[in-house]
Amino acid sequence: MKLNEVMTVLEKIAPVSLSDGFCKKFGLYDNSGIIINCGGEINGALFSLDLSINSVNKAKEYGYNLIVTHHPAIYGGISRFDLTRDPQAVALAECLKCGISVISMHLNFDAAPEGIDYHLMRGLGGKNCEILAPIEGGGYGRAYCVQCENFKAFVQRVKKKFGSDRVLSYGADRQVKKVASFCGAGCDDKAIAFAAENGADVFVSSDLKHHEITALLGRGINVIQLTHYCAESFGFEKIYSGISKDLSVPTAFYCDAELM
């Protein structure tokens, strides 16, 4: 299987043009697509949320020469390679040394109709939703109804569903009927306003700042903060499960438990 053939399968779920359109519409930046092309036949693909030395070593252990990531392996311009200090440079250098190609599918996987943000909602118990930033049937940021339960019970269910004990929660033990969720680092003034306007009882995202948490609590909205990795690995694995059967090479999914 050639690298461009793998890319064709991935783009059936979420074409890179979706990322380009999302960036153009909302004034964002991304770097999705083929990041490293070492040529030759692909003999196996490791799916990993990040390109790290751990994921590269896992690909080498399997004997695979392709890593598919969610977060861009190269995001901005590279001004220097310091293999003594920069872990990302070490991972990239090891890929080049070992002939491991890399594809990154970032905002397109976030915003796809059944992308990472969608699967975060599904994991939290939502189905039909309002979308903060809609595009081509998908989008980013969702508000939706869930089965009614008290907040403490909801937090425990989230921990179990997402397989993480690193879940922070804030707010009173009131009833949860509606949730607003945003995969990755999705909290800003627009997201807070969207949650409030849609009557959310709970706001779920990652990497929240103190003033954002207090702003939400001040509006009577409880907060659940997942690790960034946990919030996105869940949906990335769902996408992997759907894609892997369409690839004519061996595949594996790598999860870094230290980040969950």
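**Strand β9 and its surroundings**

Let me begin with a pairing: strand β9 and strand β10, which covers residues 222–226, run parallel to each other and are joined over 5 bridges, where two strands count as paired if DSSP finds at least two bridges between them. The helices and strands I name are DSSP runs, numbered from the N terminus, with at least four residues of H or I for a helix and at least two of E for a strand. This is a predicted model, in which local features need pLDDT of at least 70 and side-chain atom pairs count only at pLDDT 80 or more, while totals for chains, interfaces and linings use all residues. Residues are numbered from 1 along each chain as its sequence is written, and side-chain values use heavy atoms, with hydrogens and water left out.

Within the pairing of β9 and β10, serine 205 stands opposite glutamine 225 of β10. The two strands also belong, together with helix α9 (residues 210–218), to a right-handed β-α-β unit; right-handed here means that, with the strands pointing away from the viewer, the path from the first strand over the helix to the second runs clockwise.

Which strand is joined to β9 by 3 bridges? That is β8, and β8 and β9, the latter spanning residues 202–206, run parallel. Valine 179 has valine 202 of β9 as its bridge partner, and alanine 180 stands opposite phenylalanine 203. Here too there is a right-handed β-α-β unit, made by β8, helix α8 (residues 189–197) and β9. Strand β8, which is residues 175–181, also pairs with strand β6 (residues 138–150), this time in the antiparallel sense over 6 bridges, and in that pairing tyrosine 144 stands opposite valine 179.

Is β9 buried or exposed? It is largely enclosed by the rest of the structure, because 5 of its 5 residues are buried, where buried means under 20% relative accessible area, exposed means over 50%, and partly exposed lies in between, with a 1.4 Å probe and protein chains only. Val202, Val204 and Ser206 point one way from the strand, while Phe203 and Ser205 point the other way, and all are buried. Valine 204 has a relative accessibility of 0%, and its C-alpha is 10 Å from that of valine 167, although the two are 37 residues apart in sequence.

Helix α6, residues 116–123, is mostly covered as well, with 7 of its 8 residues buried, among them Tyr118, His119 and Leu120. Just after α6, glycine 125 takes a positive phi of about 105°.

Now to the cysteines. A disulfide is a covalent bond between the sulfur atoms of two cysteines, and it is assigned here to a pair of cysteine sulfur atoms within 2.5 Å. The structure holds 0 disulfides. Why does cysteine 98 form no bond with cysteine 95? Cysteine 95 has the closest cysteine sulfur, but because the distance is 7.7 Å, the two are too far apart for a bond. Cysteine 98 is partly exposed, at 34% relative accessible area. For cysteine 183, the closest cysteine sulfur is in cysteine 230, and at 12 Å that is again too far for a bond; cysteine 183 is buried, at 3% relative accessibility.
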